[in-house]
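Me: I have a model open and would like to learn how to read burial and helix faces from it. Could you walk me through a few features?

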Amino acid sequence: MTEPQQVDVVVVGLGVGGEEVAGRLAEAGLDVVGVERGLVGGECPYWGCIPSKMMIRAANALAEARRVDGLAGSAEVRPDWAPVARRIREEATANWDDTAAVDRFTGKGGRFVRGTGRLAGPGRVAVDDQVFQARYGIVVGVGTRPSVPPVEGLAGTPYWTNRAAIEVAELPASLLVLGGGAIGLELAQVFARFGVRVTVVEASDRVLAVEEPEASEVAAAALRADGVEIHTGVRAKRVDHDEVAGFTLRADGGAGFTAERLLVVTGRRAHLDELGLDTVGLDAGQRYLPVDDRMRAGEGIWAVGDVTGEGAFTHIAMYQAEIVVRDLLDHVARQRGGPDASGTASAIGGAIGAAGAGGGSTPGPADSVPRADYRALPRVTFTDPEVGAVGLTERQARERGINVQVGFAPLSSSTRGWIHRVGDEGFIKLVADADRGVLVGATSVGPAGGEVLSALVVAVHAAVPVGRLRHMIYAYPTFHRAIRTALDDLS
Ligand SMILES: Cc1cc2nc3c(=O)[nH]c(=O)nc-3n(C[C@H](O)[C@H](O)[C@H](O)COP(=O)(O)OP(=O)(O)OC[C@H]3O[C@@H](n4cnc5c(N)ncnc54)[C@H](O)[C@@H]3O)c2cc1C
């Protein structure tokens, strides 16, 4: 090991959250070392959000073309995976090469180190034989990896996780998807629309089990209409594989499923055990790295993104990154300015004020640093129809003892749904706190479910009184006008 190199901040893991924090701190003039063992940008641009949404865009184009019959004549559809694979390889991922992202970071003044970072005592990070001593702080943004269930036989087989599914250049004839959550359903529908025989096996009694039951029903029906076989309440017991027969999955009750390929998408987990957390007095045996509302995990340690367990979404990582940047710059200003930190923001080029420009979190009580607030956390499953949701489900609200009122409006009986006809499945469901007269949760399922959700996110985030929402003007004939009908249904 070499002598420790003194730097201002070390960021371990340059995924969505870490890259944003490291770049912003470097731009603010700090001496930042960013450590990444894989690709700068992380899961989202290379194996997650972006390529999967490219796949969905293509699959939805096929579905729309198949809807021409009965609406606008006839269309013949011949799916071809080649342009999708090419677009992912060339446009989304540059053949899984992060040169542009590395240059972006170093162009902001950051120092990039390729390797695996490990905490090695207070303020210290080791990467291979280099050691960095951070004056102001360490940021952990190491993300998560697929959580693979301990099913007998599975470990020795060439099963897919999301990475292989995104990288696939030629589609298999058949695919078993183990896991009926958001990622499983999105990919299942894509592959089915391209002609793959897809079977989804889910242990819970419904797909999309974290969302409203009505959303699960609509999503399951839509996938079945695309030819996907869905089996819920089925626990995988054993997996076998051979080159000729492919995969066989045996379930607890004796049922068996076979396919050429098996995709395992049963959740994700942080790998804290390899981070050296014990060297700074933190517990490495947890599922996630807990943080306070300023993203502090411990003395001089911040965490950002999926590793915090607050929601595995890019928008959460970006939201948290904003808080980390502002809190860390505030910390630097206080350190540099001594006990009276007034006016010290200028010492780092007014970066605190600049960093605040994109904020949206709740301001902290004693300073300008925003505090994390997840009450209005939005999430979208990009199936067709899309399932958008914000805040609490009806069940979660009842479990919290809230005096719940529910409002429901099917999309197909809205004017726009009726006009849309084929592909108009969906609904708006509102969950209100009757005592406070505000929405605490909402679900928007439909062809533009994720977009319609934005109005509901504002309503939950800003606690807009239900009375005011009722007296808003909703453009006609939009899908979002169904919110008005659901408000009238609140009871
Ligand atoms: C198929 C799929 C689809 C998705 N779709 C969406 C979507 O539509 N919308 C959405 O909001 N979210 C989506 N997500 C989730 C989104 O990708 C994640 O929430 C996001 O990538 C989290 O960012 P992160 O910075 O926390 O972690 P990551 O992106 O996982 O990045 C962590 C980085 O840390 C690196 N690392 C780990 N350990 C070390 C170490 N010790 N030293 C150095 N480097 C290390 C890793 O190599 C990695 O690059 C999707 C995910 C998947 C898998």
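Me: Is Gly267 buried, partly exposed or exposed, and why?

Reply: Keep in mind that this is a predicted model. Partly exposed means a relative accessible area between 20% and 50%, and Gly267, at 38%, therefore counts as partly exposed. Gly267 sits in the loop that joins β14 (261-264) to β15 (268-269). Leaving aside residues up to four places away in sequence, Gly267 touches Pro146 and Ser147.

Me: Which residues does the UniProt annotation "binding site" cover?

Reply: According to the unreviewed UniProt entry, the "binding site" covers Gly179, Gly180, Gly181, Ala182, Ile183, Gly184, Leu185, Glu186, Glu202 and Gly267. They are spread over 89 residues of sequence, yet they cluster in space, with a largest C-alpha distance of 14.1 Å. One of them, Ile183, is in helix α7 (residues 182-193) and is partly exposed, with a relative accessible area of 42%.

Me: Now for helices. Which residues of helix α4 are buried?

Reply: The general idea first: an α-helix has 3.6 residues a turn, so residues three or four places apart point the same way. In α4 (residues 82-92), the buried residues are Val84, Ala85, Ile88 and Ala92. Viewed down the axis of α4, the buried residues fall within an arc of 100 degrees, so they line one face of the helix. Glu90 and Glu91 are exposed on the other side of α4.

Me: What covers the buried residues of α4?

Reply: The cover includes α2 (43-47), α3 (49-66) and α6 (162-167). Following α4 comes Ala94, with a positive phi near 45 degrees.

Note on methods. Residues are numbered from 1 along each chain as its sequence is written. This is a predicted model: local features need pLDDT of at least 70, side-chain atom pairs count only at pLDDT 80 or more; totals for chains, interfaces and linings use all residues. Side-chain values use heavy atoms; hydrogens and water are left out. UniProt positions are given in the numbering used here, feature names are shortened, and annotations may be inferred rather than shown by experiment. Helices (H or I, at least four residues) and strands (E, at least two) are DSSP runs, numbered from the N terminus. Buried means under 20% relative accessible area, exposed over 50%, partly exposed in between (1.4 Å probe, protein chains only). Contact means heavy atoms within 4.5 Å. The arc is that of the directions from the helix axis to the C-beta atoms.
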